[in-house]
Amino acid sequence: MKPMQEIETLAIEIADAARTPFRALFENGERYYYCTLYTTGEGHAPSISAWSWEALEIESARQGDESDTPGSTIAELIKWSYADSHYCCFGDENFDHVKQRFIERPFNADLENDEGSHEFDLRLKAMELAMKMLDDEGVFALNQLRESVCVLVEVMPPDEIKPKSSYV
């Protein structure tokens with residue numbers, strides 16, 4: 001299979017897995033500003049995370065909205081953190097098939113440098129295309145203006161070689 005066909009096939013599977021949880025989030029009446037599909041630096045199967053203004057308010061109140069960083073609130077510190085969101089790994093059970101597909105693919109660490117980088121890039125491009133597919137379907141505009149939502153793909157934790165995120 002050609003690389004572009006591999007990317008498209010994987011992207012369709014990722015979009016199919018992410019569609020239901022993102023739709024469920026956007027139908028719960030909250031106002032979302034951040035939606036991400038993230039993976040690890042090793043290129044494991046992705047998960048979703050999201051923040052709504054309502055969830056941010058609840059979490060910052062729960063943590064006391066006081067920060068150890070002068071001039072910063074908890075809300076400012078966690079606003080863009082996939083891991084601090086109540087919606088981190090939301091709907092992960094929908095990704096079982098994608099996890100299996102990622103396991104069946106060559107493992108980046110077992111490949112030579114160029115091949116490992118190529119495999120990681122293929123996975124990341126598939127994730128980006130999946131988010132674009134969902135965006136084109138209007139998923140991120142359900143019950144709110146699309147312009148108010150930052151949609152991205154992230155690698156966590158970021159490192160010097162791999163970008164932290166790419167916007168869709």
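The protein chain averages a pLDDT of 88, and 84% of its residues score at least 70. The model is predicted. Confidence in the protein chain is highest in strand 2 (residues 47-52), at a mean of 98. It is lowest in strand 4 (residues 165-167), where the mean is 54.

Helix 1 covers residues 3-26. Its 24 residues should span 34 Å at 1.5 Å a residue. The end C-alpha atoms of helix 1 are 33 Å apart, which agrees with that expectation. Helix 1 nevertheless carries a kink of about 35 degrees. The kink lies at Arg-19, shortly before the proline Pro-21.

Arg-19 also takes part in a salt bridge. Its partner is Glu-137, and the closest N and O atoms of the pair are 2.7 Å apart. Arg-19 belongs to helix 1 and Glu-137 to helix 5, so the contact ties together parts that are 118 residues apart in sequence. Arg-19 counts as partly exposed because its relative accessibility is 22%. Glu-137 is likewise partly exposed, with a relative accessible area of 44%.

In total, the model contains 12 salt bridges. Side chains of opposite charge can pair when their charged atoms come close. Four residues, Glu-6, Arg-105, Glu-119 and Arg-123, are linked in a network of such bridges. Within this network, Arg-105 forms a salt bridge with Glu-6, and the closest N and O atoms are 3.0 Å apart. This pair links distant parts of the chain. Arg-105 sits in the loop between helix 4 and helix 5 (113-137), while Glu-6 is in helix 1, 99 residues apart.

Arg-105 forms a salt bridge with Glu-119 as well. Here the closest N and O atoms are 2.6 Å apart. Glu-119 lies in helix 5 and Arg-105 in the loop between helix 4 and helix 5, so the contact ties together parts that are 14 residues apart in sequence. Three members of the network are buried by the under 20% cut-off. Glu-119 has a relative accessibility of 4%, and therefore counts as buried. Arg-105 is buried at 11%. Glu-6 is buried too, with a relative accessible area of 19%.

Strand 3 (residues 150-156) is largely enclosed by the rest of the structure, because seven of its seven residues are buried. Its residues point in two directions. Cys-150, Leu-152, Glu-154 and Met-156 point one way from strand 3. Val-151, Val-153 and Val-155 point the other way. All of these residues are buried, whichever way they point. Strand 3 pairs with strand 1 (residues 32-40) in the parallel sense, over seven bridges. Across this pairing, Leu-37 stands opposite Val-153 in strand 3.

Glu-93 offers a contrasting setting. This residue lies in the loop between helix 3 (74-78) and helix 4 (96-104). Its relative accessibility is 58%, so Glu-93 counts as exposed. Glu-93 and Ala-17 are 76 residues apart in sequence. In space, their C-alpha atoms are 8.7 Å apart.

Terms used
Residues numbered from 1 in each chain as written. Predicted model: local features only at pLDDT ≥ 70, side-chain atom pairs only at ≥ 80, totals over all residues. Heavy atoms only, no water. Helix = DSSP H or I, 4+ residues; strand = E, 2+ residues; numbered from the N terminus. Buried < 20%, exposed > 50% of the residue type's maximum accessible area, 1.4 Å probe, protein only. Salt bridge = Lys/Arg side-chain N within 4 Å of Asp/Glu carboxyl O. Pairing = 2+ DSSP bridges. pLDDT = per-residue confidence, 0-100. Expected span 1.5 Å × (residues − 1). Bend = angle between axes of the 7 residues up to and from the residue.
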